[in-house]
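Dear colleague,

I am passing on the structure we spoke of, and I would be glad if you could look through it with the notes below beside you.

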Amino acid sequence: MNEQYSAMRSNVSMLGTLLGDTIKEALGEDILEKVETIRKLSKSSRAGNDANRQALLSTLQNLSNDQLLPVARAFNQFLNFANTAEQYHSISSHGEASGNPVVFANLFNRLREQNLSDDEIRKAVDQLSIELVLTAHPTEIARRTMIHKLVEVNNCLSQLDHNESADYERDKIMRRLRQLVAQSWHTDEIRRIRPTPVDEAKWGFAVVENSLWEGVPAFLREFNDQLVDSLGYNLPVQAVPVRFTSWMGWRPRR
């Protein structure tokens, strides 16, 4: 398990270091040290150290008005990058989802171990209904500019994952990562204007085009292949195991 997640931890550490360098360059050593102090105290406090918990509370309570926003943004940005690294790990060669055939085969084996017959599994598959709901709440703060940058970070992690890359290619990718981290830090990620229904619709179309359009059919093809291999069963032509609904563009009447 530790080996499985070592690549993800390495990516999180790398992105955290790049973010720290960016914060130091933009705001100075003092803010970076404050962020690092809070991070270390938080980690120790979560592990059960009561003394460090009190020190953490005291540090947070004594933050000046000028320190509050950059410290909060630092942790928000770090969580964004950590989530991106985790999401990449789930589909990378180091993650479980990279071996979808194995995942499905293990699932069918576990169902059989629970004394479910192949007929019962097939009936459950026929009744399968996964509903993906596209939403765009007015309080959503993730701007599309930030989302695009995080997608590019994901792409860079994928490129770095190819060990056959030459040194100059890896250096080029690292320069791009530094640029993306710096751009993210200098981007105002909070929406100042409430999105219109048209804005929400554009966001929804972007999700469909950039992710769902290829991802859902690929999943269904893999799922069907594993049904054939494990159960000798094809999904019926009329089967619709994945459906889409949307809350976007809706506004309550006043």
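What follows is an account of a helix, a surface patch and some salt bridges.

Please keep in mind throughout that this is a predicted model, and that the values quoted here are computed from it.

I would begin with helix α9, which spans residues 197-231 and which has a kink of about 45° centred on Leu212. Leu212 is itself one of the buried residues of this helix, and the others that are buried in α9 are Glu200, Gly204, Val216, Phe223, Asn224, Gln226, Leu227 and Leu231. You will see that this list holds Glu200, Asn224 and Gln226 beside residues such as Leu227 and Val216. The residue that follows α9 is Gly232, and its phi is positive, near 65°.

Phe219 belongs to a nonpolar surface patch of about 200 Å², to which Leu128 and Ile130 also contribute. Of these residues, Leu128 is found in the loop between α6 (118-126) and β1 (130-134). Why can Leu128 count towards such a patch? Leu128 has a relative accessible area of 31%, which makes it partly exposed, and a patch takes in residues with over 30% relative accessible area and no salt bridge, so Leu128 passes that cut-off.

As to charged pairs, the structure holds five salt bridges, and I describe some of them here. In one of them the side chains of Asp118 and Arg112 meet at 3.1 Å, taken from N to O; Asp118 is partly exposed at 28% relative accessibility, and Arg112, at 29%, is partly exposed as well.

Another salt bridge joins the side chains of Arg122 and Asp119, with an N to O distance of 2.2 Å. Both Arg122 and Asp119 lie in helix α6, where they are three residues apart, about one turn of the helix. An α-helix has 3.6 residues a turn, so residues three or four places apart point the same way. Asp119 counts as partly exposed, with a relative accessibility of 45%.

Elsewhere in the sequence, Glu29 and Lys24 form a salt bridge through their side chains, at 3.2 Å from N to O. Glu29 is partly exposed at 34% relative accessibility, while Lys24, for which the value is 43%, is likewise partly exposed.

With best wishes

How values were computed: Residues numbered from 1 in each chain as written. Predicted model: local features only at pLDDT ≥ 70, side-chain atom pairs only at ≥ 80, totals over all residues. Heavy atoms only, no water. Patch = residues over 30% accessible without salt bridge, like charges linked within 9 Å, V, L, I, M, F, W, Y side chains within 5 Å. Areas by Shrake-Rupley, 256 points an atom, 1.4 Å probe, with all protein chains shown as cover. Salt bridge = Lys/Arg side-chain N within 4 Å of Asp/Glu carboxyl O. Helix = DSSP H or I, 4+ residues; strand = E, 2+ residues; numbered from the N terminus. Buried < 20%, exposed > 50% of the residue type's maximum accessible area, 1.4 Å probe, protein only. Bend = angle between axes of the 7 residues up to and from the residue.
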